[in-house]
Amino acid sequence: MSERITAPRIFQLKQDRTKIVCATAYDALEASLLDEAGVDLILVGDSVASVKLGLANTVFATLEMMVHHTAAAARGVERALVVGDLPFGSYQSSVSQCVDSASKLMQAGARAVKLEGDFPDRVAALTHAGIPTMGHLGMTPQSVNKFGGHRVQAKDADGAASLLASALELQQAGAFAIVLELVPSEVARSVTEALSIPTIGIGAGPYCSGEVQVWSDLLGLGTRTYKHAKPYLSGRELILGALRQYAAEVREGKFPSEDNSF
Ligand code: KIV
């Protein structure tokens, strides 16, 4: 087994000008595949709500769900850094609520956590408590109701300046990396150049220090496609083909055959 990736190592990859490869996973099987493929950072995202649990959006993810899925994903990983996502309602009320929630994710097997938005006091408290923390700025899905949809953020000069100010505050507070979601690539480029910590883009163009993609988008498993994503497999079609063949063979009496029998 090659050496485990830590939060300081993720920081170092930016200094070494090495792109950081990140993806979401929600259980041991998915996480083990990403780990075997050499992905650096596995985010157990609150996107589990919509990707796996049939819920409308990430606002419906709970801390209990995140603990369950973080523990499952962590069991499948030997090398990558496992980051547990703090869900909506688990850190906004107070700094102590945030530290308590993050501690549950760490005890479930995460080696770092992520939280959305402009909360430098939470990031500082987590860092002080020994919990490596990633920020998440731009389109922060837990605020979808405030934004009125999953829309590109920081499109004008004021928006870009305020994004940069928030990123600098999170860095100052001790964040080891920041996800930038749905922001223009030139804005992501200036933020990346202004920070010493890495930026991890999703819908933020090619100039970030790394990229994160959602499991089902990477593998073409969903029914929707997104401009910011690229399916590396026609997963849905391939799986449906295999399942239809299984159903047909059972109905036709071809499976199980003598070869599958005892
Ligand atoms: O929950 C998630 O999948 C995320 C990524 C989109 C960054 O936060």
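# Helix packing and odd backbone spots

Let's start with a contact: Ala160, Leu163, Leu164, Ala167 and Leu168 of α8 touch Val187, Val191 and Ala194 of α9 (contact is heavy atoms within 4.5 Å; helices are DSSP H or I runs of at least four residues, strands E runs of at least two, numbered from the N terminus). By class, these residues split into eight nonpolar, no polar and no charged (nonpolar: Ala, Val, Leu, Ile, Met, Phe, Trp, Tyr, Cys and Pro; charged: Asp, Glu, Lys and Arg; the others, Gly among them, are polar).

The model is predicted, so local features need pLDDT of at least 70 and side-chain atom pairs 80 or more, while totals for chains, interfaces and linings use all residues. Numbering runs from 1 along each chain as its sequence is written, and side-chain values use heavy atoms, with hydrogens and water left out.

**Exercise 1.** Work out how α8 and α9 are oriented relative to each other.

*Solution.* Step one: find the helices, α8 at residues 157-173 and α9 at residues 185-194. Step two: take the angle, about 30°, with the axes 10 Å apart (axes are lines fitted to C-alpha atoms over the stretch in contact; angles run from 0 to 180 degrees between N-to-C directions). That makes α8 and α9 roughly parallel (under 35 degrees; over 145 is roughly antiparallel, 65 to 115 roughly perpendicular, the rest oblique). Step three: check the hand, and the crossing of α8 and α9 turns out right-handed (the near helix is turned clockwise from the far one by less than a right angle; anticlockwise is left-handed).

**Exercise 2.** Now do the other partner of α8: at what angle does α6 pack against α8, and which residues make the contact?

*Solution.* Helix α6 (residues 120-128) packs on α8 at about 20°, and their axes are 8 Å apart. This pair is therefore roughly parallel, and α6 passes α8 in a right-handed crossing. From α6 come Pro120, Val123, Ala124 and Thr127; from α8 come Glu169, Leu170 and Ala173. Sorted by class, the α6 contact with α8 has five nonpolar, one polar and one charged residues.

**Exercise 3.** Find the buried face of α2 (residues 28-36) and say what packs against its buried residues.

*Solution.* First pick out Glu30, Ala31, Leu34 and Asp35, which are buried (under 20% relative accessible area; exposed is over 50%, partly exposed in between; 1.4 Å probe, protein chains only). Looking down the axis of α2, its buried residues fit within an arc of 135°, so they line one face (the arc is taken from directions between the helix axis and the C-beta atoms). Then flip to the other side of α2, where Leu29 and Glu36 are exposed. Last, the neighbours: the buried residues of α2 pack against β1 (20-24), β2 (41-44), α4 (63-75) and α10 (215-218).

**Exercise 4.** Look at Arg17 and Ala154: is each one buried or exposed?

*Solution.* Start with phi. Arg17 has a phi near 55°, positive though the residue isn't glycine; Ala154 also has a phi near 55°. For background, most residues other than glycine have a negative phi, and most peptide bonds are trans. Next, place them: Arg17 sits in the loop between α1 (7-15) and β1, Ala154 in the loop between α7 (144-147) and α8. Finally, Arg17 is exposed at 80% relative accessible area, whereas Ala154 is buried at 11%.

**Exercise 5.** Find where the cis bond between Phe255 and Pro256 lies.

*Solution.* The peptide bond joining Phe255 and Pro256 is cis, with omega about -5°. Pro256 lies in the segment after α11 (235-251).
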